[in-house]
Amino acid sequence: MMKKVFIAGATGWVGKELSKNIIDDTNYKLVGGLSRSYAGENLAEILKIKTSPIPLFDTIENAMEDIDFDILIDFTTPLIAKKNILNAIDKGRHVLIGTSGLSSQDYEEIEEHAKESAVSVLAAGNFSITAVLLKKFAETAAQYIDQFEIIDYASQRKVDSPSGTVAELAYSLSKIKTPKVEVPIKDTIGNKETRGGDINGIQVHAIRLPGYVLGVETIFGMEDEKLIIKHEAGTGVAPYLNGIKIALAKMGTFKGLKRGLDTIMDL
């Protein structure tokens, strides 16, 4: 049976290509999307694809009054994503979260709702396979190395910091250990902010400059040696589409919230 999918952010950078990808997949049916800029229009016409009409809505509440769907995929902004996610969960829908910028407190609330509704919710700061592998390798390194920090790279236009990729990585590594800091940040002489932000007990440095799309670098240091693990994304969306398809296939196979594409993969 085809699963019905609704995409919040259907006309965005990822959303457009993801919409085309799902339309072409016989396992799924794209039944609608969220787009404040194109609300009331037909997504199929915007994408120049010959298929049945795919209505676009301005809010998740209006969408759920008119159409039914099994899975919400959210690629919007943190300001509206949480509302979309909780509305879908409370109506018994599974959710894939690709939006970055949600806080740990947001995820605690989302997890509570997901458990109550017994639905699958997967939050992936990055759906690319190489980003997943970076996270896996970093988790292994953190088991053996006590000192490490994270560098977060993105374009000058990215408004949220850290990125979803880095927030997810910091959360995951913090479950293994809190890095050792030789000189406590409070004892730093000079401008303490230059030591980065504390994310789940891990120092994170965010760079926002032209020329970057999205990248993450985890640096592990030991006496007379260091390990650098780095992921960099290009300008295309293909890497994310592959990961999203893996995630979609797992919707409904677990209950509650999982954070990270690796949590549903056999790695």
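This briefing walks through a pocket, a sheet and two buried strand residues. The model is predicted. Its largest pocket has a volume of about 870 Å³, and an open sheet of five strands carries a helix lying across β7, β10 and β11. After those two, we look at S120 in strand β6 and L30 in strand β2.

**The largest pocket**

- Start with the residues around it: 34 of them line the largest pocket, and W13, F75, T76, S100 and K158 are the ones that lie nearest its centre.
- Three helices each put at least two residues into that lining, namely α1 (13–23), α4 (78–90) and α7 (164–174).
- Of the contributions to the lining, the largest share is that of α1, with three residues.
- By residue type, the lining splits into 13 nonpolar, 17 polar and four charged residues.

**The five-stranded sheet**

- Reading across the open sheet, the strand order is β8-β9-β7-β10-β11, and the pairing is mixed.
- At the edges sit β8 (197–199) and β11 (225–233), each of which pairs on one side only.
- From one strand to the next, the twist averages 25°.
- β7 (residues 147–154) and β10 (residues 214–222) run antiparallel to each other, paired over eight bridges.
- If you want a landmark in that pairing, take I151, whose bridge partner in β10 is E217.
- β10 also pairs with β11, again in the antiparallel sense, over nine bridges.
- Those two strands make a hairpin with two residues between them, and D224 in the turn has a positive phi of about 65°.
- In the β10–β11 pairing, M222 stands opposite E225 of β11.
- Helix α6 (residues 129–142) lies across β7, β10 and β11, and it runs at about 160° to β11.

**S120 and strand β6**

- S120 belongs to strand β6, which spans residues 120–123.
- Is S120 buried or exposed? Its relative accessibility is 0%, so it counts as buried.
- The rest of the strand follows suit: S120 and L122 on one side, and V121 and A123 on the other, are all buried, so both faces of β6 are covered.
- That split is easy to picture, because side chains in a regular strand alternate between the two faces of the sheet.
- Leaving out residues up to four places away in sequence, S120 touches H94, V95, K250, M251, G252, T253, F254, K255 and G256.
- Two of those contacts, H94 and V95, fall within strand β5 (residues 94–97), which pairs with β6 in the parallel sense over three bridges.
- V95 stands opposite V121 of β6.
- For a sense of distance, S120 and I145 are 25 residues apart in sequence, yet 34 Å apart in space, C-alpha to C-alpha.

**L30 and strand β2**

- L30 is part of strand β2, which covers residues 28–34.
- L30 counts as buried because its relative accessibility is 7%, and the cut-off for buried is under 20%.
- Which residues does L30 touch, not counting those up to four places away in sequence? They are V5, I7, S19, I22, I23, L43 and I54.
- Among these contacts, S19, I22 and I23 fall in helix α1 (13–23), one of the helices that supply residues to the lining of the largest pocket.
- L30 is 115 residues from I145 in sequence and 45 Å from I145 in space, C-alpha to C-alpha.

How values were computed
Residues numbered from 1 in each chain as written. Predicted model: local features only at pLDDT ≥ 70, side-chain atom pairs only at ≥ 80, totals over all residues. Heavy atoms only, no water. 1 Å grid on protein atoms, 1.4 Å probe; cavity = no way out; pocket = protein on both sides within 12 Å on 5 of 7 lines; lining within 4 Å. Points joined across faces, edges and corners; volume = space filled by probe spheres on them. Helix = DSSP H or I, 4+ residues; strand = E, 2+ residues; numbered from the N terminus. Nonpolar A, V, L, I, M, F, W, Y, C, P; charged D, E, K, R; others polar. Pairing = 2+ DSSP bridges. Axes fitted to C-alpha atoms, helices over the stretch in contact; angles between N-to-C directions. Contact = heavy atoms within 4.5 Å. Buried < 20%, exposed > 50% of the residue type's maximum accessible area, 1.4 Å probe, protein only.
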